[in-house]
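Here is a short tour of one protein model, written to be read with the viewer open. Take a moment to look it over before going on.

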Amino acid sequence: MTTQTPTPTHQAVQEYYGNVAREAGSCCEPSNAASTCCGTSTNPEKIQNELYPAELLAGLPAEVANFTAGSGDPISLARLQPGETVLDLGSGGGLDCFLAARQVGPSGHVIGVDMTPEMLARARSNAERVSFQNVEFREGYLEALPVEDNSIDVIISNCVINLSPDKPQVFREMMRVLKPGGRIAVSDMVTNHPLSQEAGKGKDWCGCTAGALTDKTYNKDLSEAGFIAIRIEPNFEAVMKAVDSGHVRSPKEITKQQILTDIRDWDKIDRTMIVPHKITAIKPGLKEKVGNGFN
Ligand SMILES: C[S@@+](CC[C@H](N)C(=O)[O-])C[C@H]1O[C@@H](n2cnc3c(N)ncnc32)[C@H](O)[C@@H]1O
């Protein structure tokens, strides 16, 4: 296992999400780019999180179910099986870990990794509320995961990889910790035009826009790390929900229909768009482990 010295970008992101954890505020800040991203909601009375099917969230305390800074639903994407070991990169308040824990059951195990102490504290206190025995949260960096080699069946992540200042290193770490034949199911922000990859400290980076990769770079970097069967697709459902809930930042004259049409053809659109994507891939390995519908 490697170690990671925190960069200024890590420190800025940590401070930002420390505040989100403390204040339960929104992680989205206005930006000039046409983009959709995450939103937190903490209505203590009612489950209002629209990123996931209602049946996935049923039975969780509303405060836990509503605390998301994600951009999609990696749980449905992951097709988890009982007994699997799952790693959540940038686990935040822990929601995806709890949903995964229900699906892998008592014979499975879920590890959430996050670098922000306030988020870890929130996740651990949420874990006490939902009292699943098969979830643990570890402090650490995506670029130097505190996880054994070849130990994970499935990596999930929700709106986090865009925040890393060194994404190729994150992909190498994902490859290292996955078992042969293991898979990834990621929700992340992706853009149509290259953004300045100068790691940022500003709120556009911390708010999950400025650090987004293009789909082509995402594919290339995953492939160079050794992943196969890579799929990177726009999450149209999440985009529509984000438009409806006012989480889309785009010029007012552009309609929802136009946004969806533009995403389908986005290489040809001059305007920069940054929208949630579904990303799946496999670590090459044992043939019998690859029958998971991702290839
Ligand atoms: C946008 S929030 C998403 C949280 C959670 N996945 C969710 O869906 O609610 C990003 C989270 O990733 C963590 N994070 C960002 N960059 C990280 C890195 N390089 N290493 C570890 N954690 C990181 C932050 O501390 C924060 O909790």
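## A β-α-β unit

Which handedness does the β-α-β unit made by β5, helix α7 and β6 have? The unit is right-handed, with helix α7 covering residues 167-177. Please keep in mind that this is a predicted model.

Within this unit, strand β5 (residues 152-158) runs parallel to β6, and six bridges join the two. If you would like a landmark for this pairing, find N158, which stands opposite S187 in β6.

## Strand β6 and its other partners

Strand β6 spans residues 178-191, and 11 of its 14 residues are buried, so the strand is mostly covered. Besides β5, to which six bridges join it, β6 pairs with strand β10 (residues 273-282) in the antiparallel sense over nine bridges. Here V190 stands opposite V275 in β10.

Strand β7 (residues 213-214) is another partner of β6, this time in the parallel sense and over two bridges. To locate this contact, look for T191, which stands opposite T214 in β7.

## The loop before β7

Between α8 (203-206) and β7 there is a loop, and G207 has its place there. Is G207 buried or exposed? G207 is buried, because 24 other C-beta atoms lie within 10 Å, and the cut-off for a buried residue is 20 or more.

G207 also makes a nice example of distance in sequence against distance in space: G207 and V13 are 194 residues apart in sequence, yet their C-alpha atoms are 8.8 Å apart.

## Around the ligand

Which residues come nearest to the ligand? Of the 27 residues around the ligand, these are G70, G90, G92, T116 and N158. N158 is the residue that stands opposite S187 in β6.

Sorted by class, the shell has 14 nonpolar, 10 polar and three charged residues. Helices α1 (8-23) and α5 (95-104) each supply at least two residues of the shell, and α1 gives the most, with three.

## Helix α6, inside and out

Helix α6 takes in residues 117-130. At 1.5 Å a residue, its 14 residues should span 20 Å, and this agrees with the end C-alpha atoms, which are 20 Å apart.

The buried residues of α6 are M119, L120, R122, A123, N126 and A127. They cover an arc of only 160° around the axis, so they lie on the same side of α6. An α-helix has 3.6 residues a turn, so residues three or four places apart point the same way. The face of α6 turned away from the buried side carries the exposed residues S125 and E128.

Methods. Residues numbered from 1 in each chain as written. Predicted model: local features only at pLDDT ≥ 70, side-chain atom pairs only at ≥ 80, totals over all residues. Near = placed C-beta within 6 Å. Helix = DSSP H or I, 4+ residues; strand = E, 2+ residues; numbered from the N terminus. Nonpolar A, V, L, I, M, F, W, Y, C, P; charged D, E, K, R; others polar. Buried ≥ 20, exposed ≤ 12 C-beta atoms within 10 Å, placed from the backbone. Pairing = 2+ DSSP bridges. Right-handed = clockwise from strand over helix to strand, strands pointing away. Expected span 1.5 Å × (residues − 1). Arc of directions from axis to C-beta.
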